[in-house]
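Here are my notes on the chain you sent over. Have a look at it first, then read on.

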Amino acid sequence: MAVSASAVKELREKTGAGMLDCKKALEQSDGDIQKAIEYLREKGLSAAASKAGRAATEGVVESYIHAGGRIGVLVEINCETDFVGKTDQFREFTKDIAMQIAAANPKFVRREEVPADELEKEREILKAQALNEGKPAHIVDKMVDGRISKYYEEHCLMEQSFIKDPDKTVAALLNEKISKIGENITIRRFVRYELGEGLEKKQDNFVEEVMSQVQK
């Protein structure tokens with residue numbers, strides 16, 4: 001069967017396996033992502049997936065306070081051992097993720113956390129927008145699916161472009177670290193506070209400000 005580039009990309013991000021291996025796994029699994037992951041694990045080709053079932057109960061709660069104290073982030077990132085949790089490589093990763101959250105303002109860690117009612121409401125809004133744009137009814141559902149994918153990319157941390165390297169997602173970065181460090185690593189939860197959030201105030205571009213700190 002024909003395998004789409006987007007499916008290969010998704011499988012690579014979930015497993016850290018090579019592009020050709022992902023393509024073959026999808027072909028062998030009739031395009032089913034979960035079956036493809038199992039195929040890669042059986043073949044020993046998935047560095048990240050082979051560690052995904054291992055308990056990760058150590059790690060850190062990383063913090064980031066934006067210059068001037070206007071944005072604050074706490075994020076819990078877990079690994080398997082206390083030793084790895086204290087390494088420079090792991091701590092650098094946690095700092096990058098905290099800064100990512102400050103700059104990109106995700107609402108969820110992963111798409112599975114988006115409440116069903118919120119997702120349905122978003123679908124209704126996007127469908128109404130497409131119809132108001134005069135799009136033919138028979139293609140509206142496909143358009144909505146595409147825009148829902150964009151919604152995930154904007155609001156789910158794992159699917160956002162990494163601020164230091166927009167060519168990769170946070171999920172791809174995580175899988176790289178799992179492969180290099182050799183332990184399962186999970187981003188469990190986070191909170192983000194912004195000064196005056198919910199109050200009427202002057203709109204500042206905090207993303208640009210955070211990125212200016214990254215580039216120093």
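The points below go from the overall fold to the core, the salt bridges and a few local spots.

1. Before anything else, keep in mind that this is a predicted model. The chain holds nine helices and five strands, and along the sequence they come in the order α-α-α-β-β-α-α-α-α-β-β-α-β-α. Of the 216 residues, 40% are buried. As for contacts with a separation of 6 or more, 60% of them join residues 24 or more positions apart. The accessible surface adds up to about 12,500 Å², with 49% of that belonging to carbon and sulfur atoms.

2. Next, the core. The largest nonpolar core has 30 residues, and Val75, Ile77, Phe90, Phe93, Ile97, Ile185 and Ile187 have the most contacts inside it. At least two residues of this core come from each of strand S1 (58–65), S2, H5, helix H8 (170–181) and strand S5 (186–194). H5 gives the largest share, eight residues. If you want one residue to click on, try Phe93: leaving out residues up to four places away in sequence, Phe93 touches Ile77, Leu173, Leu174, Lys177, Ile185 and Ile187.

3. H8 deserves its own point. This helix has 12 residues and spans 16 Å from first C-alpha to last, close to the 16 Å expected at 1.5 Å a residue. H8 is mostly covered, with nine of its 12 residues buried. Among those buried are Leu173 and Leu174, and also Asn175 and Lys177. What do the buried residues of H8 pack against? The partners are helix H1 (5–15), helix H4 (82–85), H5, strand S3 (161–162), strand S4 (165–169) and S5. Just after the helix, Gly182 takes a positive phi of about 90°.

4. Right before H8 in the numbering, have a look at Thr169 in strand S4. Is Thr169 buried or exposed? Thr169 counts as buried, because its relative accessibility is 8% and the cut-off for buried is under 20%. Apart from neighbours within four places in sequence, Thr169 is in contact with Lys9, Glu13, Met158, Glu159, Gln160, Ser161 and Phe162.

5. On to charges. Side chains of opposite charge can pair when their charged atoms come close. A search of the whole structure finds 16 salt bridges. One of them joins Arg91 and Glu62, at 3.5 Å from N to O. This pair links distant parts of the chain, with Arg91 in helix H5 and Glu62 in strand S1, 29 residues apart. Arg91 is partly exposed at 31% relative accessible area, whereas Glu62 is buried at 5%. Glu62 and Arg91 also belong to a salt-bridge network with Lys95.

6. Another salt bridge pairs Asp96 with Lys164, and here the closest N and O atoms are 2.7 Å apart. Asp96 lies in helix H5 and Lys164 in the loop between S3 and S4, so the pair ties together parts 68 residues apart in sequence. Asp96 is buried, with a relative accessible area of 11%; Lys164 is partly exposed, at 43%.

7. Glu118 and Lys107 form a salt bridge as well, at 2.8 Å from N to O. Glu118 sits in helix H6 and Lys107 in the loop between H5 and H6, so this pair ties together parts that are 11 residues apart in sequence. Both count as partly exposed, Glu118 at 24% relative accessibility and Lys107 at 45%.

8. Two backbone spots may catch your eye in a Ramachandran plot. Asp30 is not a glycine, yet has a positive phi of about 55°. Asp30 lies in the loop between helix H2 (19–28) and helix H3 (33–43), and counts as exposed at 63% relative accessibility. Asn105 is not a glycine either, and its phi is positive at about 50°. Asn105 lies in the loop between helix H5 (88–104) and helix H6 (116–132) and is partly exposed, at 36%.

9. Last, the surface. Val61, Leu74, Val191 and Tyr193 make a nonpolar patch of about 390 Å². Leu74 belongs to strand S2 (residues 71–79) and is partly exposed, with a relative accessible area of 42%.

Definitions and conventions
Residues numbered from 1 in each chain as written. Predicted model: local features only at pLDDT ≥ 70, side-chain atom pairs only at ≥ 80, totals over all residues. Heavy atoms only, no water. Helix = DSSP H or I, 4+ residues; strand = E, 2+ residues; numbered from the N terminus. Buried < 20%, exposed > 50% of the residue type's maximum accessible area, 1.4 Å probe, protein only. Patch = residues over 30% accessible without salt bridge, like charges linked within 9 Å, V, L, I, M, F, W, Y side chains within 5 Å. Areas by Shrake-Rupley, 256 points an atom, 1.4 Å probe, with all protein chains shown as cover. Salt bridge = Lys/Arg side-chain N within 4 Å of Asp/Glu carboxyl O. Core = buried A, V, L, I, M, F, W, Y, C linked by side-chain atoms within 4.5 Å. Contact = heavy atoms within 4.5 Å. Expected span 1.5 Å × (residues − 1).
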